[in-house]
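Colleague: Please take a close look at one helix in this model and at what surrounds it. Add whatever else you can say about a second helix and the cysteines.

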Amino acid sequence: MEQIFREIVEIMHYDYAGCIDKEGWDHPEAYFEKIQLLKENNMLTREHFADTVRDYLLDFQDHHIYFVDSLAEKRKPLDRGFRVRRYKDCLYVTGANNEQDVKMGMAFISLGGFTIPELKEKHSRLLKANHPEREDWMPILSLYEYGDIQDEQGNVCKITFNSYEKPGYTPDYNVEKVNQDTLLFTITDFADPDAIVKLVNDNRDLLASADQWIIDVRVNYGGSDSSYYPLMPYIMPEEGVELADREDTMLFNCTHSNAGRFLAETLPELEGIQGEEAQQFLKVFIREWEKNKGKGFVEFDFEDIVPDTFVKGTKNPKSVAVLSDYMCGSSGDSFVELCKKSSKVRVIGRPTKGLNDYANLISKKWDNGFEFMYPTSRLSRIDRGMGMTGKGIEPDLYVPWTPEHLERDADLEKALEWLALEKSTAR
């Protein structure tokens, strides 16, 4: 474990995309001392080690870094059986999948005897957010054994937390009619390029005939930018849009280690992808990593896969509403940002997660089940103070999150309202 920690520090100092920008931000000596102290006291468990590593990584203030223990995942990880979101001084239950004593709409007013404002101060480093809508309270829930919860009638009771197996994730790529003129897409990730191609191909007549679209990416776990390319012609206006920002470049940290890890991960992945465009996308990435390994920060040549960044659109749909929120990140960030370039689009909801200042993750895996994922590319916009870290991609029409969202879909209502206005104006 000591050796793994040394390797992680070395990666963050040399291979991580933010290694130059964030030089001096971290204090590895303190965490190495903590690991040694745990070892001396026979307390250096896998769990304590993983917690220490994650605590160290908080120094870099990057949501795009992950350290996981695959053996812990197999042991059925801790989950409280419900989800929460902060509004003012309460944590509102937004969903309950296992815990029977907790219902959507209830609100925690304290955890472990601490009020929510006290917890916010106590765990500000772990929350890593500057707005209640952007706070992730799930790691904090796991630190406490009970909480005081208030029901919708104002009655308060104490609840002792249970632990459940973390619910599995099933991707959702779906399109349905909301009304005669409007289609609603739900896309929870861009990890499967073949699934998006299939969605488009299976519904081609429906997509082309609908006057209005709503694309819900409020929860989108990212994946590959190439996955959403089949949607771009529909989303862009007929006259076309230049999607590339000539002032913004993406630089890859082409260390020998990064190149080796990328190629080891990607070559097997290439064999499993059916779509020709997605295959070509990966082949160009492989070529660029092989060509530039050892050269430091380099801009890749993507001309083969994006020969023309000027994209002309289709007549239909005439208007597109994109629903966004804090749980939309990585390729989800990119998708929302590109959608905003179209005159047909209004992004509605709340800012995205904002992960892409540092992106294109690769992994370092160890035989004992630990895995470390970190970004290898950085955007030059950071140098102009135009980064998205901590703020995400802003919506065109901001809808504050309130507990009313638990009773009705205020974002969808706003989208339908805007689409109706667009339709009446067009007449």
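Modeller: In this predicted model, the buried residues of helix 14 pack against five named strands: strand 11 (182-187), strand 12 (212-216), strand 18 (319-324), strand 20 (345-349) and strand 23 (397-398). The buried residues in question are Ala410, Asp411, Leu412, Ala415, Trp418 and Leu419. Helix 14 itself covers residues 410-426, and its 17 residues should span 24 Å at 1.5 Å a residue; the end C-alpha atoms are 24 Å apart, so the two values agree.

Helix 2 (residues 28-40) has other helices as its neighbours: its buried residues pack against helix 1 (2-15), helix 3 (46-57) and helix 6 (124-127). Its 13 residues reach 18 Å from first C-alpha to last, close to the 18 Å expected at 1.5 Å a residue. Buried here are Pro28, Tyr31, Phe32, Ile35 and Leu38. Viewed down the axis of helix 2, these buried residues fall within an arc of 120°, and therefore line one face of the helix. Glu29, Glu33 and Glu40, on the other side of helix 2, are exposed. Just after helix 2, asparagine 42 has a positive phi of about 55°.

As for the cysteines, the count of disulfides, taken as sulfur pairs within 2.5 Å, is zero. Cysteine 254 is in no disulfide, and the nearest cysteine sulfur, in cysteine 19, is 12 Å away. Cysteine 254 is buried, at a relative accessible area of 0%. For cysteine 339, the closest cysteine sulfur belongs to cysteine 328 and lies 9.4 Å off, too far for a bond. Cysteine 339 is buried, with a relative accessible area of 0%.

Terms used: Residues are numbered from 1 along each chain as its sequence is written. This is a predicted model: local features need pLDDT of at least 70, side-chain atom pairs count only at pLDDT 80 or more; totals for chains, interfaces and linings use all residues. Side-chain values use heavy atoms; hydrogens and water are left out. Helices (H or I, at least four residues) and strands (E, at least two) are DSSP runs, numbered from the N terminus. The expected span of a helix is 1.5 Å times one less than its number of residues. Buried means under 20% relative accessible area, exposed over 50%, partly exposed in between (1.4 Å probe, protein chains only). Contact means heavy atoms within 4.5 Å. The arc is that of the directions from the helix axis to the C-beta atoms.
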